[in-house]
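Q: I should like to learn how the features of a protein model are read. May we work through a single example together?

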Amino acid sequence: MTEKQLRELPIAAPVLGAQPERHTLKGAETNLYAEPAEQSFELTIAGRNVQVRVAPAEYRWSYGDGATLTTAAPGGPIPAARWGEKTATSHAYAATGDVTASLMTVFAGQFSVEGGPFQPIAGTATVPSAPRTLSVWRSEVRLYADDCNVNPHGQGC
């Protein structure tokens, strides 16, 4: 089994997840994560039955603002109450606007001929996930002393 044959397999890309999903805040951590799966393929090469297994070996994150990260782990979703916390694959955007986050997953493989022992395939296959567009917003907190019932024209009413 060659690297070229590995790269020609129909390897499914992981889904790129984001928390918050579409809109995030400037300066807050946006949790990006992959939802990968090991995959198996049955092939016939030179008249012999070959089983191939592929698994993610590396994740290459591009956050859409010039920042990148390479990890061995896919990250994962966190409870909504923890959104904004730093994770192994999160990123804090420094500016507002729309960004397109993307993920390239590097898969390593093994093969077995006619039910024999699995052997590593020399080389890897890099598979792009569908990109995600995120809108980075700013947030402002203000405190007002006016009671809008008493002064309906007060600041903040």
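Q: Is Arg-7 buried or exposed?

A: The model is a predicted one. To class a residue, one compares its relative accessible area with two cut-offs: under 20% is buried and over 50% is exposed. Arg-7 has a relative accessible area of 52%, so Arg-7 is exposed.

Q: With which residue does the side chain of Arg-7 meet in a salt bridge?

A: The general idea is to look for a side-chain nitrogen of Lys or Arg within 4 Å of a carboxyl oxygen of Asp or Glu. Here the partner of Arg-7 is Glu-3, at 2.5 Å from N to O. Both residues belong to helix α1, which spans residues 3–8. Glu-3 and Arg-7 are four residues apart there, about one turn of the helix. Glu-3 has a relative accessibility of 30% and counts as partly exposed.

Q: How many salt bridges does the structure hold?

A: There are four salt bridges, including the one between Arg-7 and Glu-3. Another is formed by Arg-60 and Glu-58, whose closest N and O atoms lie 2.7 Å apart. In the pair of Arg-82 and Glu-85, the corresponding separation is 3.0 Å.

Q: What is the relative accessible area of Arg-60, and what is that of Arg-82?

A: A value between the two cut-offs is read as partly exposed. Arg-60, at 39%, is partly exposed; its partner Glu-58 has 25% relative accessibility and is likewise partly exposed. Arg-82 is partly exposed at 37%, and Glu-85 counts as partly exposed at 36%.

Q: Let us turn to the strands. In which order do the three strands of the open sheet stand?

A: One follows the pairing from strand to strand. The order is β1-β3-β7, and the pairing is antiparallel.

Q: Why is one side of β1 and of β7 left without a neighbour in the sheet?

A: β1 (15–19) and β7 (90–92) stand at the edges, and each has a single partner strand, so one side of each lacks a neighbour in the sheet. As for orientation, neighbouring strands of this sheet are turned by 25° against each other on average, with direction ignored.

Q: How many bridges join β3 to β7, and which residue of β7 stands opposite Asn-31?

A: Strand β3, covering residues 29–35, is joined to β7 by three bridges, and the two strands run antiparallel. Opposite Asn-31 stands Ser-90 in β7.

Notes
Residues numbered from 1 in each chain as written. Predicted model: local features only at pLDDT ≥ 70, side-chain atom pairs only at ≥ 80, totals over all residues. Heavy atoms only, no water. Pairing = 2+ DSSP bridges. Axes fitted to C-alpha atoms, helices over the stretch in contact; angles between N-to-C directions. Buried < 20%, exposed > 50% of the residue type's maximum accessible area, 1.4 Å probe, protein only.
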